[in-house]
Amino acid sequence: MIKLVKAGLLAVLLPMAATSFAATYEEGVHYDVVSERATKKPEIKEFFSFYCPACNNMEALIGEFKPKLDKNVKFKKSHVDFVGVRDPENQQMMSQALATAEVLPQKDKIVSAIFNHIHTKRASFNELADVKDIFVAQGVDGDKFDKLFKSFSVRTLSSKMKRDQDYFKEKGALRGVPTFIVNGKYKLNLGRESGITEPEDISKLINYLANK
């Protein structure tokens with residue numbers, strides 16, 4: 001009898017707990033709705049620039065909350081072209097470098113190496129050969145890099161980054177970087193004002209919005 005009562009209470013309390021948990025997140029406080037349309041599959045997309053110091057610092061935090069995301073939530077990066085004093089061609093080259101890295105198993109190491117090249121070594125990317133050197137240093141065959149960088153799929157992905165950037169800038173959601181948008185619809189408000197600063201809290205908010 002006692003077991004039945006406990007089971008009954010548990011059945012009642014679990015939905016209440018879930019509702020209470022969801023209610024802790026408020027629109028306008030913890031997140032903003034920035035688009036009416038949403039992606040078909042759960043995702044979290046970081047808009048960033050390799051030239052952005054804050055984005056470089058964010059990498060460590062991403063490394064902590066990314067493993068805590070639900071398995072169905074895909075983490076994506078999208079490079080923007082409005083940070084720093086670099087010319088448009090250079091910015092486009094770096095976006096295409098990210099798109100190239102996306103199709104390689106060394107992706108995370110390549111991204112880290114590019115950030116390190118700019119912010120730790122204080123070096124620059126003046127031409128494509130500089131980018132290629134980073135990829136080769138991470139074990140990517142030089143000829144393979146040349147083919148991938150110029151491939152249709154990589155150029156398409158790079159173009160999509162630009163379209164997404166323009167779309168969210170027009171919506172007023174992308175004023176600076178890093179900016180995180182869940183399912184193409186919800187912009188995360190991270191920091192002291194929202195109280196969302198720790199990896200555990202960030203991952204919980206992302207998971208909630210991704211499955212909303």
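Where does Pro178 lie? Pro178 sits in the loop between H7 and strand E4 (179-182). The peptide bond leading into Pro178 from Val177 is cis, with omega near 0°. This is a predicted model. The protein holds eight helices and five strands. Of its 212 residues, 42% count as buried.

**Overall layout**

- From the N terminus on, the elements follow the order α-β-β-α-β-α-α-α-α-α-β-β-α.
- Take the contacts in the protein with a separation of 6 or more: residues 24 or more positions apart account for 76% of them.

**Strand pairing**

- Strand E2 (43-48) pairs with strand E3 (residues 74-79) in the parallel sense, over six bridges.
- Within that pairing, Lys45 has Lys76 in E3 as its bridge partner.
- Between E2 and E3 the chain passes through helix H2 (residues 53-65), and this β-α-β crossover is right-handed.
- E2 also pairs with E4, in the antiparallel sense and over four bridges.
- Opposite Ile44 stands Val182 in E4.
- E4 pairs in turn with E5, again antiparallel, over two bridges.
- Val182 has Tyr186 in E5 as its bridge partner.

**Strand E4 and its hairpin**

- In a regular strand, side chains alternate between the two faces of the sheet.
- In E4, Thr179 and Ile181 point one way, while Phe180 and Val182 point the other way.
- All four of these E4 residues are buried.
- E4 and E5 form a hairpin with three residues between them.
- Asn183 is in the turn of this hairpin and has a positive phi of about 55°.
- Put in terms of elements, Asn183 belongs to the loop between E4 and strand E5 (186-188).
- Asn183 counts as buried because its relative accessibility is 7%, under the cut-off of 20%.

**Nonpolar cores**

- The largest nonpolar core has 38 residues.
- Phe50, Phe125 and Phe135 have the most contacts inside this core.
- Several elements each supply at least two residues of the core: strand E2, helix H3 (88-102), helix H4 (107-119), helix H5 (128-137), helix H6 (142-150) and helix H7 (152-170).
- Another core, of 21 residues, lies apart from the largest one. Its members include Ile62, Phe65, Phe180 and Leu188.
- Phe180 therefore links two topics: it is a buried residue of E4 and one of the members of this other core.- Leaving aside neighbours within four places in sequence, Phe125 is in contact with Tyr51, Arg86, Asn90, Met93, Met94, Ile114, His117, Ile118, Asp130, Val131 and Ile134.

**Cavities**

- The structure holds two cavities of 30 Å³ or more.
- The volume of the largest cavity is about 60 Å³.
- Its lining is made up of Lys66, Phe75, Lys76, Lys77, Leu98, Glu102, Lys107, Asp108 and Val111.
- E3, H3 and H4 are the elements that give two or more residues to this lining.

**Largest pocket**

- The largest pocket contains about 300 Å³ of space.
- The pocket is lined by Lys45, Lys74, Phe75, Lys76, Lys77, Ser78, Glu102, Lys107, Leu157, Lys160, Met161 and Asp164.
- Two or more residues of the pocket lining come from each of E3 and H7.
- E3 gives the largest share, five residues.
- Lys45 and Lys76, the bridge partners in E2 and E3, are among the residues lining the pocket.
- Phe75, Lys76, Lys77, Glu102 and Lys107 are among the residues that line the largest cavity, and they also line the largest pocket.

**Single residues to look at**

- Arg122 is in the loop between H4 and H5.
- Arg122 has a positive phi of about 55°, although it is not a glycine.
- Arg122 counts as exposed because its relative accessible area is 68%, over the cut-off of 50%.
- Asn183 also has a positive phi, near 55°, and is a residue other than glycine. Arg122 is exposed, whereas Asn183 is buried.
- Asp146 lies in helix H6.
- Asp146 counts as partly exposed because its relative accessibility is 27%, between the cut-offs of 20% and 50%.
- Asp146 and Lys132 are 14 residues apart in sequence, and their C-alpha atoms are 8.1 Å apart in space.

Terms used: Residues numbered from 1 in each chain as written. Predicted model: local features only at pLDDT ≥ 70, side-chain atom pairs only at ≥ 80, totals over all residues. Heavy atoms only, no water. Core = buried A, V, L, I, M, F, W, Y, C linked by side-chain atoms within 4.5 Å. Buried < 20%, exposed > 50% of the residue type's maximum accessible area, 1.4 Å probe, protein only. Contact = heavy atoms within 4.5 Å. Pairing = 2+ DSSP bridges. Right-handed = clockwise from strand over helix to strand, strands pointing away. 1 Å grid on protein atoms, 1.4 Å probe; cavity = no way out; pocket = protein on both sides within 12 Å on 5 of 7 lines; lining within 4 Å. Points joined across faces, edges and corners; volume = space filled by probe spheres on them.
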